[in-house]
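The report below describes side-chain contacts, strand pairing and backbone geometry in one protein model. Please read it alongside the sequence and the coordinates.

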Amino acid sequence: MTQHFPSRQLRFFLTAPSPCPYLPERFERKVFAHLPLSDGASVNDSLTQVGFRRSQNIAYRPACEACTACVSARIPAADYIFSRSERKAIARNEDLERHLVEAEATMEQFDLLRRYLMTRHADGGMAEMTWPDYVAMVEDTAVRTHIIEYRTRSKDRGAQAGELVACALVDVMSDGLSLVYSFYDPTQSRRSLGSFVILDHVVQACLTDLPYVYLGYWVRGSEKMDYKVRFSPIELLKPEGWTLVVGGAAKAANDAL
């Protein structure tokens, strides 16, 4: 099947069924397209806005038979209301410095990723990621992307960088920031780094007048993905379009999908 874009025609492909990484005893299929090198950024923008996600130079979205558990989620930054616990999470990380760096993989980032995966997702599909895999994830792209590094403050006035505690690979879109993948030091649980990275990007979206922070898919019924609907307000992509959901009503709002 094909879909028309202003400068070219994309070809979409369908994967064969494979075990679902989120829900037991289910199988997943994906529809995907290769992003063009010349105008990949604008095509990625258009596809993300209708529920696709980017992985390297591929845009994909679920196309599972008899299952609609994966729902695209995004935070409307300007209207976001920080809860008391979220304000505390931000305050607990005031000692961290935020560094925007080019989308170039480093061994320091990869070491942090490995520690994160082995602690939080040892049985997941990314657990076997190698250094070349990580380089490809970060660098193989034709869109506007960068890495945000969160570090402790330098102890010698910048002569040596502080400890790296979290990273986020982020696409800059015409209407927001898309969190492609984030990882952090799993031993620093008190910091709530997973939530902090998202909240910090809500702040950054507001500062740069970008309307949304795209979170990828909330998977109804998956404990690993439930954290996404704790943010409020949030918009979920339903058949009739993006729908604003406030508070704990997010899960109930999609029961009929």
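Does E240 count as buried or exposed? At 58% relative accessibility, E240 counts as exposed, where buried means under 20% relative accessible area, exposed over 50% and partly exposed in between, with a 1.4 Å probe and protein chains only.

This is a predicted model, in which local features need pLDDT of at least 70 and side-chain atom pairs count only at pLDDT 80 or more, while totals for chains, interfaces and linings use all residues. Residues are numbered from 1 along each chain as its sequence is written, and side-chain values use heavy atoms, with hydrogens and water left out.

## Salt bridges

Side chains of opposite charge can pair when their charged atoms come close. With a salt bridge taken as a side-chain nitrogen of Lys or Arg within 4 Å of a carboxyl oxygen of Asp or Glu, the count comes to 10 salt bridges. Three of them are listed here, with the N to O distance and the relative accessible area of each partner.

| Salt bridge | N to O distance | Acidic partner | Basic partner |
|---|---|---|---|
| E108 and R151 | 2.7 Å | E108, 37%, partly exposed | R151, 7%, buried |
| D185 and R115 | 3.7 Å | D185, 3%, buried | R115, 40%, partly exposed |
| E240 and K238 | 3.8 Å | E240, 58%, exposed | K238, 18%, buried |

Helices (H or I, at least four residues) and strands (E, at least two) are DSSP runs, numbered from the N terminus. The salt bridge between E108 and R151 has a distance of 2.7 Å; because E108 lies in helix 3 (residues 107-120) and R151 in strand 11 (residues 145-152), the pair ties together parts that are 43 residues apart in sequence. E108 and R151 also belong, together with E149, to a network of salt bridges. In the pair of R115 and D185, the closest N and O atoms are 3.7 Å apart, and since R115 lies in helix 3 and D185 in the loop between strand 13 and helix 5 (193-207), this contact ties together parts that are 70 residues apart in sequence.

## Aromatic pairs and charges over rings

A pair of aromatic rings is described by the distance of the centres and the angle of the planes. Rings of Phe, Tyr and Trp (its six-membered ring) pair if their centres lie within 6.5 Å, and planes under 30 degrees apart count as stacked, over 60 as edge-to-face and the rest as tilted. A search of the whole structure finds 13 aromatic pairs. One of these joins Y134 and F183 edge-to-face, at 6.2 Å centre to centre and with 80° between the planes; as Y134 lies in helix 4 (residues 131-139) and F183 in strand 13 (residues 176-184), the pair ties together parts that are 49 residues apart in sequence. Y134 is buried at 1% relative accessibility, and F183 is buried at 3%. Y212 and Y214 form another edge-to-face pair, with ring centres 6.2 Å apart and planes at 65°; here Y212 is buried at 18% and Y214 is buried at 3%. Ring pairs also link F110, W131, Y134, Y181 and F183 into a cluster.

A charge sits over a ring if NZ of Lys or CZ of Arg is within 6 Å of the ring centre and within 35 degrees of the ring normal. R74 lies over the face of Y212, at 3.6 Å from the ring centre, and R74 also lies over the face of W242, at 4.1 Å from the ring centre.

## Strand 13 and its neighbours

Eight of the nine residues of strand 13 are buried, so this strand is largely enclosed by the rest of the structure. Two strands pair if DSSP finds at least two bridges between them. Strand 12 (residues 164-173) and strand 13 pair in the antiparallel sense over eight bridges, with V170 having L179 as its bridge partner in strand 13, and the two strands form a hairpin with two residues between them. Strand 13 and strand 14 (residues 212-219) run parallel and are joined by three bridges, and the bridge partner of L177 in strand 14 is V213.

## Backbone geometry

A cis peptide bond, with omega about 0°, joins S232 and P233, and P233 is placed in the loop between strand 14 and strand 15 (234-238). Q56 has a positive phi of about 55° although it is not a glycine; Q56 lies in the loop between strand 7 (53-55) and strand 8 (58-62) and is partly exposed at 27% relative accessibility. D209, also a residue other than glycine, has a positive phi near 60°; D209 is found in the loop between helix 5 and strand 14 and is exposed, with a relative accessible area of 70%.
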